[in-house]
Amino acid sequence: MRKIFSAIAIILGLAALVVGIGQRTIWAPPETLTASFAQAPAAAPVTLIEAGAGTVGGHPTEITINAEGKFTASLVRSADAQAWVGKAAHTTITGINAEDTLLESTSETGEDQVPNPAGDDIFQATENADKTMTYRWTNPDEGSWTLLLAADGKAAAPTDITATWPGDTATPFSMPLIIAGSLLLIAGIALAAVRTAPRGGSGGGRRAAGQPDAPQTDTLPTTPAPKSGENTVAKVVATASVLALVLLPSAPALAVGSSSSPAESSATEEAEKVFPVVLQNQLERILGEASASVAKADKSRNPKDLDARTTGALKALRNQNYALRNDKVKIDAPAAIDTSVIRSAAVPTDDGAHFPRSIMVVTAKDSGASTIPTAITLTQSGPRENYKVAFATPMLPGSTFPGIAVGDQSVKQLKDDAKDLVMNPKTALERLAGFMDNEKAKDGDKFAKNAFLTLNAKDQNALVKANKDATITFKRTVNAKDTVVLATPDGGALVSGSFTATTTAKPKEDGGTIGLDDTTAKIVGAKDTKKGIEITYGEPALIYIPAADSKDKISVVAAEVLTRGAKLLK
């Protein structure tokens, strides 16, 4: 029996040693694991990689992208990625099945071409690559992000994609198996080497009946048998055998991770949050490109150069200004747009920020107290369009623009009939137009006095007094399509818009003549008129409307007057 237990202990010990050492050598888990497509997806102009592919089991993945030529990888908020893709065919990598080392994906059919996305404003960042790229996922801000891959919009987007992450090389049972195997081996060898004496002493025979016990002499030392009748070493061997069987794993351990990312695990919490439509570095890039583009157009006076980065009233006014100056009319050039320093930025959140989207900023060439800053409104008409400058006007002396940082969740896009203000934006612009036409107009007392309004009234009164033989009228209309409204943190609203101002002069008496100044004469090609003249101006303006419970008045923050043209009446 002793020999049987010894053999079992030795065999189990050797087995435990082999398995324990094998787990660290021939059966060691792989140091890295790589997931790929089970089957190559159909060709599409766009490939989307969601954050779920960015991590496995808490480990960041290394995403390798291979293509036949050049391509771009653009990081964008997930909702904006879907808006940009629209109806185009695309493949979406949603996560990783770590157990089967497969990329989880879906494919959608649709349009087989998209615009080239390279450099679009909607992307937080874009990287250019030629044939291959290695990418490690990093979210630039809270929320859900997506990596958008595309070639030139016509060729198929890359789909030769793999994700690699560190394998779980831990072998927690290896050392216990080695220790248990060693103990079993030692115990088996020790058990085989131990000798025990026969039961009943050295004589081994029976005593004669009736004879007294003889004293034992020269007996060999023996190991007392346990009271239970079972050898103690055998017990140890049996127990160690059971432990070895329990500790022995059925197969080497492999890294198995969840296909969901930390961002996805907190989807419920994020669903309640809102995020800015652009980040700070994104805004700086957009402003820099817009400023350079407008500066180029201002220098060339070529209206085509305005197409890339201007829209609305600003584009129309600059177009007319270029045309007049190219025709040798002596009028001032539009004020330059310098975005070197961002002093305030009203960036709405993505909560309800449907397209078109708008942003308002205040910029200047430096931070000097005497530098006149410029109020700018940027508008993005659709997800595939870049932001364009719709309004850029110097702020008025003494005016203030709320100090707002990118990411303020209280900044939202509003409609021109927004409530909870002392006056809704649409009505405020109409009342301001009427007040500028006639300082005695209705609701004139709702507007705070400033140098611009005072000078406007003074100049108009002076023009009427200087032309007593003429009937002069002033009429302003609101260009409703140019109106942009953003809520401010204090419950008020910033409203940028534009007026078309028309000054009409007619002789009071038949046969009367109205003389024209040099600038107007150059525009119409005449020095005077007997029928009358109509001069048109563009007046962009930014106003601030306080919250409904405020006692403050509506204030004009920025405004200017630009000549649009003139025509003789018939």
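# Close-ups of a predicted model

**View 1. A nonpolar patch on the surface.** Met1, Ile4 and Ile8 together make a nonpolar surface patch of about 320 Å². One of the three, isoleucine 4, sits in helix α1, which covers residues 2–24. Keep in mind for this view and the ones below that you're looking at a predicted model.

**View 2. A salt bridge between two helices.** Here arginine 318 pairs up with aspartate 298 in a salt bridge, and their closest N and O atoms are 2.9 Å apart. Arginine 318 belongs to helix α8 (residues 312–326) and aspartate 298 to helix α7 (residues 280–300), so this pair ties together parts that are 20 residues apart in sequence. Are the two partners buried or exposed? Arginine 318 has a relative accessibility of 5%, so it counts as buried. Aspartate 298 comes in at 18%, so it counts as buried too.

**View 3. More salt bridges to look at.** The whole structure holds 15 salt bridges, and here are a few others. Lysine 315 and aspartate 307 meet through their side chains, with 2.9 Å from N to O. Lysine 315 counts as partly exposed, at 24% relative accessibility, and aspartate 307 is partly exposed as well, with a relative accessible area of 37%. Then there's aspartate 443 with lysine 446, where the closest N and O atoms are 3.4 Å apart. In this pair, aspartate 443 is buried at 17% relative accessibility, while lysine 446 is partly exposed at 39%. Salt bridges can also link up into a network, as you can see with Asp121, Glu289 and Arg309.

**View 4. The largest cavity.** The model has 5 cavities of 30 Å³ or more. How much space lies in the largest cavity? About 80 Å³. How do you find a hole like that? Rolling a probe the size of a water molecule over the atoms shows where empty space is left. Around the largest cavity you'll find a lining that includes Ala313, Leu314, Leu317 and Arg318, along with Phe391, Ala392 and Thr393. Pro540, Glu560 and Leu562 are also in that lining. Helix α8 gives the most, with 4 residues, and both α8 and strand β14 supply at least two residues each. You've already met one lining residue, Arg318: it's the arginine that bridges to aspartate 298.

**View 5. Strand β14 and its partner.** Strand β14 runs over residues 388–394, and 5 of its 7 residues are buried, so the strand is largely enclosed by the rest of the structure. Strand β13 (residues 374–380) pairs with β14 in the antiparallel sense, over 6 bridges. To find your place along the pair, look for threonine 379, which stands opposite lysine 388 in β14.

**View 6. A strand with two faces.** In a regular strand, side chains alternate between the two faces of the sheet. Which residues of strand β10 (residues 160–166) make up the covered face, and which the uncovered one? Ile161, Ala163 and Trp165 are on the covered face, while Asp160, Thr162, Thr164 and Pro166 are on the uncovered one.

**View 7. The neighbours of β10.** Strand β1 (residues 32–35) pairs with β10 in the antiparallel sense over 4 bridges, and alanine 35 stands opposite alanine 163 there. Strand β5 (residues 62–77) also runs antiparallel to β10, joined to it by 5 bridges. In that pairing, glutamate 62 stands opposite threonine 164.

Notes: Residues are numbered from 1 along each chain as its sequence is written. This is a predicted model: local features need pLDDT of at least 70, side-chain atom pairs count only at pLDDT 80 or more; totals for chains, interfaces and linings use all residues. Side-chain values use heavy atoms; hydrogens and water are left out. A salt bridge is a side-chain nitrogen of Lys or Arg within 4 Å of a carboxyl oxygen of Asp or Glu. Buried means under 20% relative accessible area, exposed over 50%, partly exposed in between (1.4 Å probe, protein chains only). Two strands pair if DSSP finds at least two bridges between them. Patches are made of residues with over 30% relative accessible area and no salt bridge: like charges are joined within 9 Å, nonpolar side chains (Val, Leu, Ile, Met, Phe, Trp, Tyr) within 5 Å. Accessible areas come from the Shrake-Rupley method with a 1.4 Å probe; for residues, only the protein chains shown count as cover. On a 1 Å grid over the protein atoms alone, a cavity is a set of points where a 1.4 Å probe fits but cannot get out, and a pocket is an open set with protein on both sides within 12 Å along at least five of seven lines; lining residues have an atom within 4 Å of a point. Grid points are joined across faces, edges and corners, and a volume is the space filled by probe spheres set on the points.
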